[in-house]
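I opened this entry to note what I looked up, beginning with the terms and then moving from the surface to the chain as a whole.

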Amino acid sequence: MNQKLSQIFRNMAFFLKMEGVAFKPQAYEKAAENLETLSEDVGEIYKKGGVDLLEKIPGIGKSMATRIVEYLKTEKIKEYEKLKKKTPVNLDELLGVEGLGPKKIGILYKTLGIKNLKELENAAKNHKIASLSGFGEKTEQNILQAIEFRKKSKGRFLLGEILPKISVIMAKLADLKEVETVSEAGSLRRRKETIGDADILVISSKPQAVIDFFVKMPGVVKIWGKGPTKASIRLKDGFDVDLRVLAKESFGSALQYFTGSKEHNIVLRKIAIEKGYKLSEYGLFKGSKKIAGESEKEIYKKLGMDYIEPELRENQGEINVAIKRKSPKLIGLKDIKGDLHLHSHWNDGIGPQMIEQYIGEAKKCGYEYIGISDHTKFLAIEHGLDEKQLMEQRKYIDKFNKKLKIVNCKLKILCGCEANIMADGSMDISDKALAKLDYVIAGVHSQLKMNKNEMTKRIIKAMRNPNIDIISHPFGRILQRREECEFDFDKILKVAKETGTILEINASPYRLDLNDVNVRKAKKAGVKMIINTDAHQKEQMNLMEYGVSQARRGWAEKSDIVNCHSLEKLNKFFK
DNA sequence: GCCGTTTTCGGCCCGACTGTTTTCAGTCG
């Protein structure tokens, strides 16, 4: 219900902007935003405390509350229906076209009757747009290009695909003699799981030289814009990169500003105003005097709060917590002491070889332990092991550990597995075999489309198995390809807490499962988590940083993540 | 339309760039 209402309020904001109404649109946007992140359903809130309680929701006043009630009762909002009727355009489609906002969409409808993407494309192709007042030849071409891009891509890219490429560009920029500092910014720096476009920030006293280099880099297929301090390009891989160049004295304020999120910044600027300051990318000002700007830390300090880590800057309560000086002490990559989800392809005969490779990587990472967790027999196609093979592996690992001890290597290898949770919640391998392992991961790998109740029961049954310590990639999603499984997460959390079952944060950039929001829920519920890479080759052990980033976005601290602990302490978390 | 230990009325975050304009509106982040 919250999401539906939020969408309606957002659309109403657009319609009001279209008509040139002042300030109301922001009020609707604010309401939409607050509904979106509200943890309790508005229907429940209304049932509990009526209109009065609805008005307690931030951004919801008398008028909004009345509209919410109207929607709850009739599934319609008259005012919204009226606005839609007046301008019957497909907002979703048209707002997705880069360069079109409410005003232009309004004009296109009023003059040419354009309602959707298809009609827009036809009009642009037939050169009907260039002659409209406020439009021109360039706008028409940009519309066509934007439509083309929309068709080709859904507009967002995986963090795991973008980050390595941006790192290369950043290294190139850092090599320029005109460049003093390079930093990522935007959602990339906040480590969101998907990125719309990448933001790079450069400190230089010769911005033009940097901009010129940037737009001429190999791989640039389109220059969206280019000015003295900023430029925006498209790379041949299909994603956009924005570059901003600023002077050194504004580094902190610029980094803060360009890191966002927009919502976080809006609240921050309001706090600045309350204190009699003005905050912009050029600094924190009192009148015309700059009182902070060189570092982010001093800006947050002057605003009377803790420094806020980039991953937290989503206006999800982090500012209030920072003011109260109670910011979480987020985990970091260096806190990770081991990776317990590694596949060795044991039944191919290459197990020993792979385990040695994992050990090599683990040493580089400074780990204290690793855990081998091959699939079990249901997933024969994915090198699933049966009881006998599992016991062979157990013996091998025991022997290997002794060898490591002799050469005085502190690293310890744990022997586990990733058992398959069958449709009825039972395991695909005997409990007798599982009991002999150091730990057991269990995961759902089949019948992912089960209905909500059954799936909830299925996972709960697995968690109640005294041999199961960890549930791997709980939601089973593959980003941009496979939907999440449906189950009652609150119930799962309750049973996880009760049984001491650990939930995995799968670090693969294609999974990131649990995601940031669910990590935070698990933390709140007091459920322990583990960050694993699910590596199938040694290079993938480096993906740990993606898991850590999502854990940080979920406010996770060392105490929430079991593989931040020494082996001795880790063992206590296993059943 | 919302909000308030400066206010129940009068404010609402801020700036860059583009493309259209002859000084600025619209869009974006």
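I take helices (H or I, at least four residues) and strands (E, at least two) as DSSP runs, numbered from the N terminus. I count a residue as near a molecule or strand if its C-beta atom, placed from the backbone, lies within 6 Å of it. The model is predicted, and local features need pLDDT of at least 70, side-chain atom pairs count only at pLDDT 80 or more, and totals for chains, interfaces and linings use all residues. Residues are numbered from 1 along each chain as its sequence is written, while chains are lettered from A and ligands numbered from 1 in the order in which they are written.

I looked first at the surface near DNA strand B, to which α14 gives the most, with six residues. Of the 41 residues around this DNA strand, I noted that G61, G101, K104, G136 and G227 come nearest. Among the elements that each supply at least two residues there are α2 (24-36), α14 (262-274) and β5 (220-226).

I then turned to strand β7 (residues 240-246), where I found five of the seven residues buried (20 or more other C-beta atoms within 10 Å of a residue's own C-beta, placed from the backbone). Strands count as paired if DSSP finds at least two bridges between them. I saw that β4 (residues 197-204) pairs with β7 in the parallel sense over seven bridges, with D197 opposite D240. Strand β6 (residues 230-235) runs antiparallel to β7, joined by five bridges, and R234 has D240 as its bridge partner.

Finally, for chain A, I recorded 24 helices and 17 strands.

Conventions: Buried ≥ 20, exposed ≤ 12 C-beta atoms within 10 Å, placed from the backbone.
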